[in-house]
Amino acid sequence: MPQVLSLLQLSAGPVPVPALLDLLGQRVAELHEERCEVPYGPEPLPGPADPAPTAHTPELIALLLDWALEGLAAVGALTLGNGQATLTPLGNWAVWVKLEQICVAAQSPAGNIEQAAADMLLGCARLTPGPARAEYRAWLAARPVGSAVAELLDVARGEDALLRGLAFEALRVVGAPAEPEVRAVLTDPSLRPYALLWLAEYDGKDPEDAQEVLSREEATWLWVDTAAAVADHGETGLLVRHLDSAVQGTVPALLDEVRAVGHPRTVQVLVALAAAHPDPALAKAVRKAAFQVHTGGS
């Protein structure tokens, strides 16, 4: 059907339905040959009666073409009359949009467009922001936007904090079509800080100022989640530098609020930070906080 629509678009006028049927029949035959397909089921018994129609027969292909053309006509993408089909302006626009998506998908620099969302995001983790966004656009262009958004949010709900952050970076490339789904996850504590930042930037806030939409508790939860991503995938020096991004301003205040925020990775993050920090006194305080969280003490 994409080839049928392309022919209608290139013709810039009415095309006889028999010509479309001939094109479709040729393409179906090519696909059967490329896939080495054989008719499914037992061979028909010898006799005067013809076998029932299968996907290889012109009758069924004609029925499928009629069904497709009538469906396109019903949504205003084409008009039918006098045995001819003509694309409407809406139909022409739809074909151009699809061609644009194909061109974007073909520009996948890292070759991740056929990967599942998690594998694609991991592949993009090694890229700088510009190439990563190009890869997100290519991946998104190769699939329906609704299913792509759902797949990215499913990944974001997982245990890997790095993938959670990257999933929302990819959703920034989606833009407006992702807004309802992003708003819907505001009730999920693990996704709420990311969703609030996404919505703030979507509404026009500068990324540097978007942090203002987070409560103190949400900002602390996000700090721990980001630290978990660094601990799992980054360098120890980066984890130490991550201390500077905390909203609390001092390590004792940060540790107090981190203990209270209830992030499931708090203990692992504090243990990793204590092991990485060069200041013995600070490392000791962080280890003590990790032990208190682990034992439920204060």
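Student: Which helix gives the most to the lining of the largest pocket?

Tutor: Helix 11 does, with eight residues. Helices are DSSP runs of H or I, at least four residues, and strands are runs of E, at least two, numbered from the N terminus. A pocket is an open set of points on a 1 Å grid over the protein atoms alone where a 1.4 Å probe fits, with protein on both sides within 12 Å along at least five of seven lines; lining residues have an atom within 4 Å of a point. This is a predicted model: local features need pLDDT of at least 70, side-chain atom pairs pLDDT 80 or more, while totals for chains, interfaces and linings use all residues. Residues are numbered from 1 along each chain as its sequence is written, and side-chain values use heavy atoms, without hydrogens and water.

Student: Which helices each supply at least two lining residues there?

Tutor: Helix 8 (161-174), helix 10 (192-202) and helix 11 (216-233).

Student: Switching to helix 1, which residues are buried?

Tutor: V4, L8 and Q9, within residues 2-11. Buried is under 20% relative accessible area and exposed over 50% (1.4 Å probe, protein chains only).

Student: Why are they on the same side of helix 1?

Tutor: Because they cover an arc of only 135° around the axis, taken from the directions from the helix axis to the C-beta atoms. P2 and L10 are exposed on the other side.

Student: And what's A12 doing just after helix 1?

Tutor: A12 takes a positive phi of about 50°.

Student: How do strands 2 and 3 pair?

Tutor: Antiparallel, over four bridges, with residues 78-81 in strand 2 and 84-87 in strand 3; pairing takes at least two DSSP bridges. T79 sits opposite T86. Two residues separate the strands in this hairpin, and N82 in the turn has a positive phi of about 55°.
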